[in-house]
Amino acid sequence: MEIKSLEDSQNFAKNISKIISAGYIIVLYGEIGVGKTTFVRFFINHLENKDGIKNSEVLSPTFNII
């Protein structure tokens, strides 16, 4: 799968959130800056919207480590 835009990433996150359920583990791997945190932000925010929860700010853990 090739994601070429933020909209593609958002749509992918939305689609994944429809098929995932409690207990699943998602592992993301990739170079710094490829969009892992952006995907997670879209994914979490979509789940929050679905449950009527205010969107949280999802930050990259990399910057805390560096």
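## Briefing on a three-helix chain

H46 is buried, with a relative accessible area of 18%. This residue belongs to helix α2, as does E48, the helix covering residues 36–50. The structure is a predicted model, and the points below treat the chain as a whole before turning to individual residues.

**Overall architecture**

- The chain contains three helices and zero strands, and its elements follow the pattern α-α-α when read along the sequence.
- Taken along the principal axes, the box filled by the C-alpha atoms is roughly 35 × 30 × 25 Å.
- Of the 66 residues in the chain, 18% count as buried.
- Among contacts between residues at least 6 apart in sequence, 42% join residues at least 24 apart.

**Surface and charge**

- The area exposed by the chain is about 5,500 Å², and 56% of this area is supplied by carbon and sulfur atoms.
- There are 7 positive and 7 negative side chains; the centres of these two sets lie 4 Å apart.

**Helix α2: E48**

- E48 is placed in helix α2, which spans residues 36–50.
- E48 is buried yet forms no salt bridge. The nearest side chain of opposite charge belongs to R41, at a distance of 9.4 Å. Because a salt bridge requires a side-chain nitrogen of Lys or Arg within 4 Å of a carboxyl oxygen of Asp or Glu, the 9.4 Å to R41 does not qualify.
- A polar contact, at 2.6 Å, links the side chain of E48 to the side chain of S56.
- With neighbours within four places in sequence left aside, E48 is in contact with I53, K54, N55 and S56. S56 is thus named both in this contact list and as the polar partner of the E48 side chain.

**Helix α2: N45 and H46**

- N45 also has its place in helix α2. Its relative accessible area is 14%, so N45 counts as buried.
- Not counting residues up to four places away in sequence, N45 touches N55 and S56. Both N55 and S56 also appear among the contacts of E48.
- N45 and S17 are 28 residues apart along the chain, and their C-alpha atoms are separated by 10 Å.
- H46, at 18% relative accessible area, is classed as buried because the limit for that class is under 20%.
- Leaving aside neighbours within four places in sequence, H46 is in contact with K14 and S17. Helix α1 comprises residues 6–19, and these two partners of H46 therefore fall within the numbering of that helix.

**The loop between α1 and α2: I20 and I32**

- I20 is found in the loop between α1 and α2. Its relative accessible area of 23% makes I20 partly exposed.
- I20 touches I26 and F43, residues up to four places away in sequence not being counted.
- I32 lies in the loop between α1 and α2 as well. I32 counts as exposed because its relative accessibility is 60%, and the threshold for exposed is over 50%.
- I32 and T62 are 30 residues apart in sequence, and the distance between them in space is 8.2 Å, C-alpha to C-alpha.

How values were computed: Residues numbered from 1 in each chain as written. Predicted model: local features only at pLDDT ≥ 70, side-chain atom pairs only at ≥ 80, totals over all residues. Heavy atoms only, no water. Helix = DSSP H or I, 4+ residues; strand = E, 2+ residues; numbered from the N terminus. Buried < 20%, exposed > 50% of the residue type's maximum accessible area, 1.4 Å probe, protein only. Lys, Arg positive; Asp, Glu negative; His and termini not counted. Polar contact = N/O pair within 3.5 Å; in protein donor to acceptor, adjacent residues only side chain to side chain. Contact = heavy atoms within 4.5 Å. Areas by Shrake-Rupley, 256 points an atom, 1.4 Å probe, with all protein chains shown as cover. Charge placed at Lys NZ, Arg CZ, Asp CG, Glu CD.
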